[in-house]
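Please open the model in your viewer and keep the sequence panel beside it, since the tour below moves from the whole chain to single residues.

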Amino acid sequence: MSADLNPRGLVYRCPVCGAELIVVGKRMGAFQPHCCNKPMRVMGRRVFFYRCPVCGAEVAVLRRGKGVFDPHCCNRVMVGEAA
């Protein structure tokens, strides 16, 4: 499995307990997460990332609310990035 099959921001869910994980960095190799002794399932959603243009700090949006999300860091607006 290549990194293209495990893109940054991809969400996996355990079919037994419901635990979820997010791919935060792409690497080459076979990424096959397991939980409760079962393979985790790829969900149909990905998270969206924001990066600070000054220090490089990153945040990821797990669930959008109804309000306006406007993250700031280093007294600057964080830049949205495609996952």
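With the whole chain selected, begin with its overall dimensions: the radius of gyration of this predicted model is 15 Å, whereas a compact globule of 83 residues would have one near 12 Å. If you orient the view along the principal axes, the C-alpha atoms fill a box of roughly 45 × 30 × 15 Å. Colouring by solvent exposure then shows 25% of the 83 residues counting as buried, and the accessible surface of the chain comes to about 5,900 Å², of which carbon and sulfur atoms contribute 54%.

Switch next to a cartoon representation and colour by secondary structure. The chain has ten strands and zero helices, so that reading along the sequence gives the pattern β-β-β-β-β-β-β-β-β-β. A contact map is a useful companion here: among contacts with a separation of 6 or more, 45% join residues that are 24 or more positions apart. If you display the charged side chains, there are 13 positive and 5 negative charges, and the mean positions of these two groups lie 7 Å apart.

Now hide the surface and select the interior. Which residues make up the largest nonpolar core? Select Leu10, Tyr12, Cys14, Val23, Cys35 and Met40, which form this core of six residues. A second core, separate from that one, has five residues, and its members include Tyr50, Cys52, Cys73 and Met78. As background to this stop, nonpolar side chains in soluble globular proteins tend to be buried together.

Go on to the loop between strand S3 (34–35) and strand S4 (38–39), where cysteine 36 is placed. The backbone deserves a look at this point, for cysteine 36 has a positive phi of about 55° although it is not a glycine. With a relative accessible area of 40%, cysteine 36 is partly exposed. Asparagine 37 belongs to the loop between S3 and S4 as well, and its phi, near 65°, is again a positive value in a residue other than glycine. Is asparagine 37 buried or exposed? Its relative accessible area is 76%, and because anything over 50% counts as exposed, asparagine 37 falls in that class.

Move from there to the loop between strand S7 (58–61) and strand S8 (72–73), and select leucine 62. Although leucine is a nonpolar residue type in the core definition, leucine 62 is exposed, with a relative accessible area of 57%. When residues up to four places away in sequence are set aside, leucine 62 touches Ile22, Arg45 and Val47. A distance label drawn between the C-alpha atoms of leucine 62 and phenylalanine 49 should read 9.4 Å, the two being 13 residues apart along the chain.

Arginine 64 lies in the loop between S7 and S8, and at 55% relative accessibility it counts as exposed. Leaving out residues up to four places away in sequence, you will find arginine 64 touching Phe48 and Tyr50, and Tyr50 is a residue you have already selected in the second core. For a longer label, take arginine 64 and valine 54, which are ten residues apart in sequence and 25 Å apart in space, C-alpha to C-alpha.

The last stop is proline 71, also placed in the loop between S7 and S8. Where does proline 71 stand, buried or exposed? Proline 71 is buried, because its relative accessible area of 10% is under the 20% cut-off. Its contacts, not counting residues up to four places away in sequence, are with Tyr50, Arg76, Val77 and Met78, and of these Tyr50 and Met78 are among the members of the second core. To finish, label the C-alpha atoms of proline 71 and arginine 51, which are 20 residues apart along the chain and separated by 9.2 Å.

Notes. Residues are numbered from 1 along each chain as its sequence is written. This is a predicted model: local features need pLDDT of at least 70, side-chain atom pairs count only at pLDDT 80 or more; totals for chains, interfaces and linings use all residues. Side-chain values use heavy atoms; hydrogens and water are left out. A nonpolar core is a set of buried Ala, Val, Leu, Ile, Met, Phe, Trp, Tyr and Cys residues joined through side-chain atoms within 4.5 Å. Buried means under 20% relative accessible area, exposed over 50%, partly exposed in between (1.4 Å probe, protein chains only). Helices (H or I, at least four residues) and strands (E, at least two) are DSSP runs, numbered from the N terminus. The radius of gyration is taken over C-alpha atoms; the globule rule is 2.2 Å times the number of residues to the power 0.38. Contact means heavy atoms within 4.5 Å. Accessible areas come from the Shrake-Rupley method with a 1.4 Å probe; for residues, only the protein chains shown count as cover. Lys and Arg count as positive and Asp and Glu as negative; His and the chain ends are not counted. The place of a charge is taken as NZ of Lys, CZ of Arg, CG of Asp or CD of Glu.
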